[in-house]
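Please open the model in your viewer and keep the selection tool at hand. The tour below moves from stop to stop, saying at each what to select and what is there.

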Amino acid sequence: MKRYKLYIFLIFTLSTVSCEKLLEVDTPANQITSGQVFENVQTANAALSGLYAGLWDNSPLAGDQTGRLLAVYTDDLDFYGTTSNNGTLELFQNTLVDSNPAVYSYWANTYQKIYLANAIIEGVNASSGLSSADKARIKGEALLVRSILYYYLQQIFGDIPYVTGTDYTLNQSLSKTSAPQVLTRLANDLNESLSLLAEPYRNTERIFPNRSVSRLVLAKVYLLQNRWSDAEILLKEILQNPLYQFQNDPSKVFEKSGTHILWQLKPKNPGDATKEVTAYYFSNSAPTSVALSQSLMQSFASTDRRKQLWTTAVTFNNNTFYRPNKYKNLSNNTTEYSVVYRLEEVYLMLAECLAKQDKVTEAIPLVNAIKQRANVQLIQQPVTKEALINEILSENRKEFFTEMGHRFFDLKRENQLQNLALVKPNWKSFHQLWPLPQKELLLNPNLNPQNTGY
């Protein structure tokens with residue numbers, strides 16, 4: 001118990017340290033140092049668990065963060081709040097400024113998790129007490145998590161500092177790394193994590209990522225680099241893996257036991273609802289925060305089971321609003337975790353890779369598998385490459401609304417973000433990036449210049 005308290009103290013310290021302030025202090029006599037943590041597999045695992053707890057709490061992967069913010073920023077959610085609500089109104093109106101609190105919070109919280117991942121990687125590299133297998137597993141997971149966080153930062157902010165250490169004297173003055181260089185470094189890091197991680201899950205609930213998650217994220221990076229054939233290889237390896245089976249029942253897609261799930265985050269306390277439930281729920285009233293947009297709801301065919309099962313109509317004063325209803329349990333939750341990646345994304349990503357390589361005939365069955373499950377009209381031959389890519393984009397929207405920022409990332413990858421101007425009057429071409437936070441520019445002038453348009 002005494003040792004447990006000691007390493008919990010360390011996890012708390014690593015999890016709450018600010019990226020902009022890291023004081024040099026003596027280690028208290030009754031505490032263990034970070035070096036000691038990584039000489040023991042139990043304490044090293046505890047540090048890694050602290051990273052996952054932080055992902056659930058407040059990170060791009062948290063159920064009330066990227067999915068919600070980017071759905072408001074694009075056209076999947078409408079905002080009904082009467083005040084800014086911590087910057088959300090400006091996101092919805094596409095009137096961001098560099099002092100927006102949501103922008104700063106997203107940046108700061110993500111870099112804080114990156115700091116913790118770096119501390120774990122450094123600790124493992126310096127360890128002489130961990131076995132080779134434990135070192136590979138722990139470093140592989142931390143490296144993968146760090147890569148996922150950088151993927152979100154790069155797509156949202158563009159050129160960003162690529163921090164790989166914990167020396168605050170260096171970190172606080174780093175310059176930006178260009179977007180192409182960030183993608184190159186991500187590809188290298190993800191290939192390393194792929195070599196370190198094992199195929200089997202270390203927990204049957206799939207709450208820790210495995211090698212297939214590295215494959216999926218690496219394929220995402222390859223898509224951004226137009227490396228279609230490389231991404232195709234990775235995605236086919238996932239589909240051929242017997243660990244995964246397509247879920248044919250849309251009512252079961254968000255149940256934690258599904259073998260179509262690649263990775264999910266477990267609520268911190270038994271019985272807690274997922275953040276996706278609490279972020280979107282309203283009933284017997286008009287929404288006071290967000291609701292699904294009319295343009296999204298009109299994109300569904302009347303027969304689409306996703307509309308029937310994953311959205312709920314709420315009528316108040318003769319007005320009907322729709323809320324996301326992918327997750328069901330408001331309390332006593334025993335069946336749902338927050339899904340980060342699932343097999344349907346692999347299907348649609350692979351279809352996109354194939355279409356980009358003019359393999360239209362091979363791509364169609366992958367899209368039709370999603371459509372058939374949803375009970376909507378299938379794609380028939382002949383179909384052009386361009387028409388198929390647009391169909392994939394449409395299916396991504398209906399399949400992944402409010403999940404992990406899909407709408408923004410998919411439109412951006414296909415150079416179609418400007419289409420948002422049709423339904424978002426304030427949309428400008430420079431909105432493909434958020435502004436760098438004003439606080440960070442003041443702390444570190446090397447982050448200048450500010451992103452164009454802000």
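The stops cover the core, two helix packings, a buried asparagine and some backbone features.

The model is predicted, so to read it with care note that local features need pLDDT of at least 70 and side-chain atom pairs count only at pLDDT 80 or more, while totals for chains, interfaces and linings use all residues. Residues are numbered from 1 along each chain as its sequence is written, and side-chain values use heavy atoms, with hydrogens and water left out.

**The core**

Select Ile120, Phe157, Leu262, Trp263, Tyr341 and Trp434, which have the most contacts inside the largest nonpolar core, a set of 129 residues. A nonpolar core here is a set of buried Ala, Val, Leu, Ile, Met, Phe, Trp, Tyr and Cys residues joined through side-chain atoms within 4.5 Å, and buried means under 20% relative accessible area, exposed over 50% and partly exposed in between, with a 1.4 Å probe and protein chains only. The largest share of this core, 13 residues, is contributed by helix α7 (residues 132–157); helices (H or I, at least four residues) are DSSP runs numbered from the N terminus.

**Helix α7 and its partners**

Keep α7 selected and add helix α3 (residues 41–57): the two pack at an angle of about 15°, with their axes 11 Å apart. Axes are lines fitted to C-alpha atoms, for helices over the stretch in contact, and angles run from 0 to 180 degrees between N-to-C directions. The angle makes α3 roughly parallel to α7, on a scale where angles under 35 degrees count as roughly parallel, over 145 as roughly antiparallel, 65 to 115 as roughly perpendicular and the rest as oblique. Among the residues that meet across this packing are Leu48, Leu51 and Leu55 in α3 and Ile138, Val145 and Leu149 in α7.

Now exchange α3 for helix α18 (residues 406–413), which packs with α7 at an angle of about 60°, the axes being 11 Å apart, and this makes α7 oblique to α18. Here Tyr151, Tyr152, Gln155 and Ile156 in α7 meet Phe408, Phe409 and Lys412 in α18.

**Asparagine 451 and tryptophan 434**

Go next to asparagine 451, in the segment after α19 (438–443). Is this residue, asparagine 451, buried or exposed? Asparagine 451 is buried, with a relative accessible area of 9%, and its side chain reaches the backbone oxygen of tryptophan 434 at 2.7 Å. Leaving aside neighbours within four places in sequence, asparagine 451 is in contact (heavy atoms within 4.5 Å) with Phe157, Leu433, Trp434, Pro435 and Leu436. If you then select tryptophan 434, its contacts, with the same neighbours in sequence left aside, include Leu69, Tyr73, Val103, Phe157, Asn451 and Tyr454.

**Backbone features**

In the segment after α19, select proline 449, where the peptide bond from asparagine 448 is cis, with omega near 5°. Another cis peptide bond runs from glutamine 381 to proline 382, with omega near 0°, and proline 382 is found in the loop between α16 (360–374) and α17 (385–400).

For the last stop, select methionine 404 in the loop between α17 and α18, which has a positive phi of about 55° although it is not a glycine; methionine 404 is buried, with a relative accessible area of 10%. Asparagine 226, in the loop between α10 (211–224) and α11 (228–239), also has a positive phi, near 60°, but asparagine 226 is exposed, with a relative accessible area of 51%.

Terms used. A polar contact is a pair of N or O atoms within 3.5 Å; within protein, one must be able to donate a hydrogen and the other to accept it, and residues adjacent in sequence count only if both atoms are side-chain atoms.
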